[in-house]
Amino acid sequence: MMKKTLLLLVLFLLLTGCISVKGLLAPGTAPLEEQVVSGEGKGKILVVDISGILVMDRLGPDFFSKRDPVLSRLREELDLARQDNKIVGLLLRIDSSGGSVTASDILYHEIFRFGQERQLPVVALVLDKALSGGYYVALAADEIIVHPTSVVGGVGVVALKFNLAGLLEKWGIADDSVKSGEYKDFWSPLRASSPEETALMQGITDRLHQRFIDLVAERRGIKDCTLKQVAKGTLFDAKPAQALRLVDSLGYFDDAIGRVRQLAGVEKARVILYRRAGANAGSIYAAGNPILHTMMRLEGIAEEMTGPSFRYQVTP
């Protein structure tokens, strides 16, 4: 009961603007620095993280781990990589259940453009999951490798809405909003949606879904009945995903790095990550702090409660 009360309080404060996630996290200004985690040779393989909830960057970095929101960080890393002619390939380390439609699409665009501009191989390695928007981003890679225990898929779109009308009525709270037009309070959480609103949202959802399906067909060469099966939003573990051509192979970090080297045509290469000063990568398995992902999820819930939001995301 205490946890639920605390969550409702946090959501209320986020909704009303009394606090913001950005205000809870400290800004970071230290430049990214290259850290070698393994390997040798003149060439470099850059590893970048696509993890957690994928949202547009409204947040500052995590004070505790000095990790930034994924969108701004990825662009900063790729811009730095563009200046380094020794980089021979890119390894995407993906562990995400998706997020915002637009954030997912921008991440895909940035990665795909980088590979095309530099004519470098891009390989995606899935850790626990690449679901919905996480899989959408993986489609930017030339090849997708998954761990034997990974789960991928979730090709679909969801537009969440919390109808709080019954709860507010129970609490004796009435909605006395004033609006200038019929749709000015569109998708309001304070009342049930009209049939017209639902139809409009369904139309947008279907079109965004079709965009996702078309990208899967284009990048993975999947057609007809298989594509229909994938388009249902189903999740697949490693071997069924490979059988459906959603992924290329099963393997581990060393296998993925070896594949990047092979595609790049080099025998040796240093594996590097970009980290801010004071944030030691330690090894290729080093990742961000989950605190930021939790706070981002809270803000995402607040967003769902205040207006329309379309998600390439598998929701809990």
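This note discusses helix 4 of a predicted model, its start, its packing against helix 3 and its end.

1. On the basis of the model: local features need pLDDT of at least 70, side-chain atom pairs count only at pLDDT 80 or more, and totals for chains, interfaces and linings use all residues. Residues are numbered from 1 along each chain as its sequence is written, and side-chain values use heavy atoms, with hydrogens and water left out.

2. Ser100, which lies in strand 3 (residues 87-100), caps the N-terminal end of helix 4, with a side-chain oxygen 3.2 Å from the backbone nitrogen of Thr102. Ser100 is buried, at a relative accessible area of 10% (buried means under 20% relative accessible area, with a 1.4 Å probe and protein chains only).

3. Helix 4 has 18 residues, which at 1.5 Å a residue should span 26 Å, and its end C-alpha atoms are 26 Å apart, in agreement (the expected span is 1.5 Å times one less than the number of residues). Helix 4 is followed by Gln119, whose phi is positive, near 55 degrees.

4. Helix 3 (residues 70-82) and helix 4 (residues 101-118) pack at an angle of about 5 degrees, with their axes 10 Å apart, and they are therefore roughly parallel (angles under 35 degrees count as such). Among the residues making this contact are Leu74 and Leu78 of helix 3 and Leu107, Ile111 and Phe114 of helix 4 (contact means heavy atoms within 4.5 Å). The contact residues divide into 10 nonpolar, no polar and six charged.

5. The buried residues of helix 4 include Leu107, Ile111, Phe114 and Arg118.

Notes:
Axes fitted to C-alpha atoms, helices over the stretch in contact; angles between N-to-C directions. Helix = DSSP H or I, 4+ residues; strand = E, 2+ residues; numbered from the N terminus. Parallel < 35°, antiparallel > 145°, perpendicular 65-115°, else oblique. Nonpolar A, V, L, I, M, F, W, Y, C, P; charged D, E, K, R; others polar. Buried < 20%, exposed > 50% of the residue type's maximum accessible area, 1.4 Å probe, protein only. Polar contact = N/O pair within 3.5 Å; in protein donor to acceptor, adjacent residues only side chain to side chain.
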